[in-house]
Amino acid sequence: MKDDSMATTLDCPAARALLIDHVAGRLDPKARAAVAAHLGGCQDCRRAAAIETELADALQRLPRRRAPAALRRQLETLLAATPAGRPEKSSTPPSTPHPELAPPARRERARVWGWAA
């Protein structure tokens, strides 16, 4: 969607694509307002936003540990081999061989995000 038309009309896929940055406070004011307007009228996306918020909060509570030196070197090598030092973004969800065996929170997230098989 064009940045100019983002004022108040986001569809669900566009709003959900912005949720992680919305929850993290990384959106510019125009995009933040557009997502907020969409969330005001869409229960499914509000549920998805609540899940993202819960996940972000849980991740912040995890202890931070320094990665082993060998892993850091491997990651630096991989990043250096990608264009602009960043891996390509994937539009596919993380795979779960048997979605029904995923933890309940992951199953709910997959359902809300439309990833459920």
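**Exercise 1. Decide whether Val 23 is buried, partly exposed or exposed, and find what Val 23 touches.**

Solution. Start with the relative accessibility, which for Val 23 is 28%. Buried needs a value under 20% and exposed a value over 50%, so Val 23 counts as partly exposed. Keep in mind that you're looking at a predicted model.

Next, place the residue: Val 23 sits in helix H1. Now look for partners, skipping residues up to four places away in sequence: Val 23 touches Ala 49, Glu 52, Thr 53 and Ala 56.

For a distance along the chain versus a distance in space, try Ala 50. Val 23 and Ala 50 are 27 residues apart along the chain, and 8.9 Å separates their C-alpha atoms.

**Exercise 2. Work out how H1 and H3 pack together.**

Solution. Two numbers do the job here, since two packed helices are described by the angle between their axes and the distance between the axes. For H1 (residues 12–24) and H3, the angle is about 25° and the axes are 10 Å apart. An angle under 35 degrees counts as roughly parallel, so H1 is roughly parallel to H3.

Then check the handedness: H1 passes H3 in a right-handed crossing. On the H1 side, the contact is made by Cys 12, Arg 16, Leu 19, Ile 20 and Val 23. On the H3 side, Asp 44, Cys 45, Ala 48, Ala 49, Glu 52, Thr 53 and Ala 56 take part.

**Exercise 3. Find which residues of H3 are buried, and where on the helix they lie.**

Solution. First get a feel for the helix. H3 covers residues 43–61, 19 residues in total, and reaches 27 Å from its first C-alpha to its last, close to the expected 27 Å.

Now list the buried ones: Cys 45, Ala 48, Ala 49, Ile 51 and Glu 52. Look down the axis of H3 and these buried residues fall within an arc of 160°, so they line one face of the helix. The spacing helps you see it: an α-helix has 3.6 residues a turn, so residues three or four places apart point the same way.

Finally, turn to the other side of H3, where Gln 43, Glu 54 and Arg 61 are exposed.

**Exercise 4. Describe the surroundings of Cys 45.**

Solution. Cys 45 lies in helix H3. Its relative accessibility is 0%, so Cys 45 counts as buried.

Set aside the neighbours within four places in sequence, and Cys 45 is in contact with Cys 12, Arg 16, Leu 19, His 38 and Leu 39. You've met some of these: Cys 12, Arg 16 and Leu 19 belong to the H1 side of the contact with H3. His 38 and Leu 39, on the other hand, are among the buried residues of H2.

One more distance: Cys 45 and Asp 11 are 34 residues apart along the chain, with 9.9 Å between their C-alpha atoms.

**Exercise 5. Show how H2 fits against H1 and H3.**

Solution. Begin with H2 itself. Its 13 residues should span 18 Å at 1.5 Å a residue, and its end C-alpha atoms are 19 Å apart, which agrees. The buried residues of H2 are Ala 31, Ala 34, Val 35, His 38 and Leu 39. They fall within an arc of 135° seen down the axis, so they line one face of H2. That buried set packs against H1 and H3, while the face turned away carries the exposed residues Pro 29, Gly 40 and Gly 41.

Take H1 next. H1 and H2 (residues 29–41) pack at about 120°, with axes 10 Å apart, and are therefore oblique to each other. The crossing is left-handed. Cys 12, Ala 15, Leu 18, Leu 19 and His 22 in H1 meet Arg 32, Val 35, Ala 36, His 38 and Leu 39 in H2.

Then H3. The axes of H2 and H3 come within 6 Å and cross at roughly 115°, again in a left-handed crossing. His 38, Leu 39, Gly 40 and Gly 41 of H2 make the contact with Gln 43, Cys 45, Arg 46 and Ala 49 of H3.

**Exercise 6. Find how many residues of H4 are buried, then step back to the whole protein.**

Solution. H4 covers residues 69–80. Of its 12 residues, the number buried is zero, so H4 lies largely in the open.

Zooming out, the protein has five helices and zero strands. Buried residues make up 19% of its 117 residues.

Definitions and conventions
Residues numbered from 1 in each chain as written. Predicted model: local features only at pLDDT ≥ 70, side-chain atom pairs only at ≥ 80, totals over all residues. Heavy atoms only, no water. Helix = DSSP H or I, 4+ residues; strand = E, 2+ residues; numbered from the N terminus. Expected span 1.5 Å × (residues − 1). Buried < 20%, exposed > 50% of the residue type's maximum accessible area, 1.4 Å probe, protein only. Arc of directions from axis to C-beta. Axes fitted to C-alpha atoms, helices over the stretch in contact; angles between N-to-C directions. Parallel < 35°, antiparallel > 145°, perpendicular 65-115°, else oblique. Left-handed = near helix turned anticlockwise from the far one by under 90°. Contact = heavy atoms within 4.5 Å.
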